[in-house]
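Okay everyone, thanks for coming. I'll put the sequence and the structure up, and then we'll walk through a few spots together.

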Amino acid sequence: MPARAARHAAGAVAGAGGDYAAFLAAVRRDAIRQGLTADAVTRALALSAPNMQVIQRDRNQPEFHLTWAQYRDRVLTPRKIADGRAAFAQQRAILEQQVLTRYDVAPGAVMGIWGLESGYGAMTGKFAVVDALCTLAFEGRRAKFFHDELFHALAILNAGDIAPEFMTGSYAGAMGQPQFMPSAYVKYAVDIDGDGRRDIWHSMPDVFGSIANYLAGSGWVGGESWGQQVVVPDTVAQATLGRAQTRTLAEWMAMGVRQAGGAPFDRPTDTGAVLRPDGPGGEAFMVYRNFAAIRRYNPSDFYALAVGLLGNEIA
């Protein structure tokens, strides 16, 4: 955001202090009317004032137009992979004995999401979630979305899963180590360690279980791969590729597509789609049903590819 625009936004919100108090009062009334306890709602909303840092970040999000090769180099660094392997070694027993016995999900997918979302729990965000969501719901650019997320957050607090002071996340309200929005938390967060709280901030069983439950609920098929790198002749037209262009592997082989290294596919009747993000000459991938499950976590081909590849390197 240009400096002048930032000052204008700051002045507009600062000058609306009375309106903001009225907004919070209305939120409190609506929340109590919906059955939330007055004490929980009052305690949560007492932490909120118009947060200019939240507004500036929301209005000044950098626009990156990266190629896949640039994105991969930025995200899948040797350090990220090494840290992931170390984290997997440390947490493997929890993941395999407490989580994957309940959810038939690949450990690599869970680790890949954990790594991309919060750097294996190192970067979860320091914004007070209710404050951020109140500010964004009041500020108005996507008011309905953030208003709905705010009420989900208040319901989470009302249930006692976390105290308002410890419900922290990104400037946009994504919470904890999996970076769940409150609506995703309500739908997918689980209590694996049995303490009566769904703690995606501190409890590793709950963190892994919630990610695995998200994937399972998004259509993950146990025992299947998300995808693999492949070789695609440059003569194959880019218009014939993409997530919507699903064919049998036999049909892809007839077009010259092969596994990395040149071997034919072992199961020619399986179906998949080919992605070649950077066009002819760039890397290409065959993606299967589980790619779509990862993509429901974040609807980006680059993100889903990075999760899959990072998970392969880690697990």
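So, how do the residues of the lining of the largest pocket divide into nonpolar, polar and charged? Quick note before I get to that: what you're looking at is a predicted model. Right, the lining of that largest pocket splits into 17 nonpolar residues, six polar ones and five charged ones. The pocket holds about 990 Å³ of space. In total 28 residues line it, and the ones nearest its centre are Gln61, Leu116, Glu117, Tyr171 and Asn298. If you want to find it on the screen, look for helix 5, residues 68-75, helix 7, residues 107-118, helix 13, residues 289-297, and helix 14; each of those supplies at least two lining residues.

Let me stay with helix 14 for a second. That one covers residues 301-314, and Asn312 sits in it. Asn312 is partly exposed, at a relative accessible area of 48%. In sequence Asn312 and Pro107 are 205 residues apart, but in space their C-alphas are 9.3 Å apart.

Now, the second largest pocket. Its volume is about 460 Å³. It's lined by 21 residues, with Glu224, Ser225, Thr271, Tyr288 and Arg289 nearest the centre. The split here is seven nonpolar, seven polar and seven charged. And which helix gives the most to this lining? That's helix 13, with four residues. Strand 6, residues 271-275, supplies at least two as well.

Strand 6 takes us to the strands. Strand 6 and strand 7 run antiparallel, joined by three bridges. Strand 3, residues 227-231, is also antiparallel to strand 7, with four bridges between them. Have a look at Val287 in strand 7: it is the bridge partner of Gly227, and also of Ala273. In a regular strand, side chains alternate between the two faces of the sheet. For strand 7, residues 284-287, both faces are covered: Ala284 and Met286 are buried on one side, Phe285 and Val287 on the other.

Last stop, helix 8, residues 129-139. Why do I call it largely enclosed by the rest of the structure? Because ten of its eleven residues are buried, and by buried I mean under 20% relative accessible area. The buried ones include Val129, Leu133 and Leu136, but also Asp131 and Glu139. Right after helix 8 comes Gly140, with a positive phi near 105°.

Okay, that's my tour. Happy to go back to any of it.

Note on methods. Residues numbered from 1 in each chain as written. Predicted model: local features only at pLDDT ≥ 70, side-chain atom pairs only at ≥ 80, totals over all residues. Heavy atoms only, no water. Buried < 20%, exposed > 50% of the residue type's maximum accessible area, 1.4 Å probe, protein only. 1 Å grid on protein atoms, 1.4 Å probe; cavity = no way out; pocket = protein on both sides within 12 Å on 5 of 7 lines; lining within 4 Å. Points joined across faces, edges and corners; volume = space filled by probe spheres on them. Nonpolar A, V, L, I, M, F, W, Y, C, P; charged D, E, K, R; others polar. Pairing = 2+ DSSP bridges.
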